[in-house]
Amino acid sequence: MTRGRFISVEGLDGAGKSTHLQWLVEHVRQQQLSVVQTREPGGTPLGEQLRTLLLNEAMHLETEALLMFAARNEHIQQVILPALQRGEWVLCDRFTDATYAYQCGGRGLDLAKFSQLEHWVQGRPEGLLEPDLTLIFDVPLEVSKARMANGRVLDRFEREQADFHARVRAAYLQRAKSAPQRIKVIDANRSIEAIQHELATILGPWLQEQA
Ligand code: ADP
C-alpha cells in the first residue's frame, strides 16, 4: 500500500483555514480516499489539553514552544504516522510552519532552538517528517481582523496587537519562499469559490497519482 498524503493549512486567524480545510476534506473524500482531519495544537486527548493551556495560560516563550512541540510529538506518534502508514490522507489545521510563524516570527523565539526542537520531534532516518503540501491562506491584517470580529471569543494569540500579527504574516511568507516546492501561498482575499477553484487545481495532480 502507498503512504497517504499529508497536507497542512496555515495562515492568520480569520484567513479561512477552517472553511477551506472542510472543503478539502470533502473534496478528497469524493475521490474515495480515506481522510483524517486533525489540528494543532491538539489532535490527541493529551494534545487537546495542552491546547487549552497554550491558548489560555500566560507562560514563558520557550515553555510555549516546548509545549507546542510536546503536543506535536504526541500527534505525530499517535495520529499522523499511523494514518499515513495505513495509506490515509492527513489534513491538518496548522503544523510546524505555525510554530515558526507565531513563536519565531511573532514572539522572537531563537531560530536555532526552534530548529533543534523540529529535528528532535520530526527527525526520521529518511529526513524531516513534513507535510507533502502546505497551503498558506494569506490575507492582509485588516481582513483577518474583520473576519474574526464576527462574534468569536479571542484566545491569547488572537488578542495580540497588530505588529505581532504583521510579524506572523511576514514569517509565513518568508517560510514559503524558503520551501517553494512544499508551500503554496493562496491569496485568500478573494471569493471562497475562486479559492476553491485554485485548491482543486493544486490538488489535481496529487489526486491523480492516487487514482
Ligand atoms: P480561520 O479558520 O482561518 O480562522 P475561518 O475559516 O473560520 O478562518 O473564517 C473566518 C470567517 O471568515 C468565517 O466567518 C468565514 O465564513 C469567513 N470567510 C472565510 N473565507 C472567506 C472569504 N474568502 N471571503 C469571505 N469570507 C470568508
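**Exercise 1. Describe the composition of the shell around the ligand by residue class.**

Step 1. The shell residues split into 5 nonpolar, 4 polar and 5 charged. The model is a predicted one.

Step 2. Of the 14 residues around the ligand, the nearest are Gly14, Lys17, Ser18, Thr19 and Arg190.

**Exercise 2. Find polar atoms of Ser18, Thr19 and Arg190 that lie close to ligand atoms, and state which part of each residue is involved.**

Step 1. Take the cut-off for a polar contact: a pair of N or O atoms within 3.5 Å.

Step 2. Ser18 places a polar side-chain atom 2.5 Å from a ligand oxygen atom. For Thr19, a polar side-chain atom is likewise 2.5 Å from an oxygen atom of the ligand.

Step 3. Arg190 takes part through its backbone: a polar atom there is 2.7 Å from a nitrogen atom of the ligand.

Step 4. The ligand taken alone exposes 560 Å², and the protein buries 73% of that area.

**Exercise 3. Which elements give two or more residues to the shell around the ligand?**

Step 1. These elements are α1 (17-29) and α8 (192-210).

Step 2. α1 supplies the largest share, 3 residues.

**Exercise 4. Work out the strand order of the open sheet and locate its edges.**

Step 1. The sheet has 5 strands, ordered β2-β3-β1-β6-β7, with parallel pairing.

Step 2. β2 (35-39) and β7 (183-187) each pair on one side only, and these are the edge strands.

Step 3. From one strand to the next, the twist averages 20°.

Step 4. At the β7 edge, β6 (residues 133-138) runs parallel to β7 and is joined to it by 5 bridges. Across this pairing, Phe137 stands opposite Ile186 of β7.

Key. Residues numbered from 1 in each chain as written. Predicted model: local features only at pLDDT ≥ 70, side-chain atom pairs only at ≥ 80, totals over all residues. Heavy atoms only, no water. Near = heavy atom within 4 Å. Polar contact = N/O pair within 3.5 Å; in protein donor to acceptor, adjacent residues only side chain to side chain. Areas by Shrake-Rupley, 256 points an atom, 1.4 Å probe, with all protein chains shown as cover. Helix = DSSP H or I, 4+ residues; strand = E, 2+ residues; numbered from the N terminus. Nonpolar A, V, L, I, M, F, W, Y, C, P; charged D, E, K, R; others polar. Pairing = 2+ DSSP bridges. Axes fitted to C-alpha atoms, helices over the stretch in contact; angles between N-to-C directions.
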